[in-house]
Amino acid sequence: FSGHYLFHSVPYLNTYADTLKTEEFNKLGSNASQGCVRLMVSDTKWIYDNIDMNTKVEVIDEDESADPLGKPEVVRVNEKLKWDPTDPASSNPYKEKVPVIKGAKDITVAKNSDYESKVTAKDSCSNDITDKIEVIGNVISSKSGKYLVTYKVTDALGKTAEKTITVTVE
């Protein structure tokens, strides 16, 4: 990179942290500028704090298997909250948000019946991440008893939610 190409956060309407152009933020991970590298606030701050000016940058083709870090998971924000969820400001409304697991509740099932849960999850930015739920525990429907099942999910921001239920087989 040389000339007027920069590493910077996505555009804001003005200098206030709550004026993020959310439609631009939601383009992260795709081509959206004329050569600059757009980043979340946390990544921009890390570069500012840790990388010296004129540091050599090596660009790796996204199809190249030699990429040591891999492509980061994409974060999408709510159009109503005009904040970068990684902004460390204490007034950031995303700061206290965590993933939410719904539908995980204690249940009693008949012996030898199929146990099926309808558990869903949303990330701290309200996006569906049901497919990322990890189920810990095993229900043996042919054996009466109480079984603990834990549902755990981690979103792209590294925030985690966990809910444990009891499945009773009678």
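1. Buried residues, meaning those under 20% relative accessible area (exposed is over 50%, partly exposed in between, with a 1.4 Å probe and protein chains only), make up 26% of the 170 residues in the protein chain. This is a predicted model, in which local features need pLDDT of at least 70 and side-chain atom pairs count only at pLDDT 80 or more, while totals for chains, interfaces and linings use all residues. Residues are numbered from 1 along each chain as its sequence is written, and side-chain values use heavy atoms, with hydrogens and water left out.

2. The protein chain has two helices and eight strands, where helices (H or I, at least four residues) and strands (E, at least two) are DSSP runs numbered from the N terminus. From the N terminus on, the order of these elements is β-α-β-α-β-β-β-β-β-β. The radius of gyration, taken over C-alpha atoms, is 22 Å, well over the 15 Å that the globule rule (2.2 Å times the number of residues to the power 0.38) gives for 170 residues, so the protein chain is more spread out than a compact globule. Along its principal axes, the C-alpha trace spans about 70 × 40 × 25 Å.

3. The largest nonpolar core, that is, a set of buried Ala, Val, Leu, Ile, Met, Phe, Trp, Tyr and Cys residues joined through side-chain atoms within 4.5 Å, has 16 residues, of which I101, Y151 and V153 touch the most other members. The elements that give two or more residues to this core are β7 (145-154) and β8 (160-169). Apart from it lies another core, of ten residues, among them L20, M40, V75 and Y94.

4. By the rule that a side-chain nitrogen of Lys or Arg lies within 4 Å of a carboxyl oxygen of Asp or Glu, the count comes to four salt bridges. E24, K27 and R38 are linked in a network of them: E24 meets K27 at 3.1 Å, N to O, and the closest N and O atoms of E24 and R38 are 2.5 Å apart. Since E24 lies in helix α1 (residues 22-25) and R38 in strand β2 (residues 37-39), the latter pair ties together parts that are 14 residues apart in sequence. E24 is buried, with a relative accessible area of 15%, whereas K27 is partly exposed at 35%.

5. Another salt bridge joins the side chains of K45 and D49 (2.5 Å, N to O). Being four residues apart in helix α2 (residues 41-50), K45 and D49 are separated by about one helical turn.
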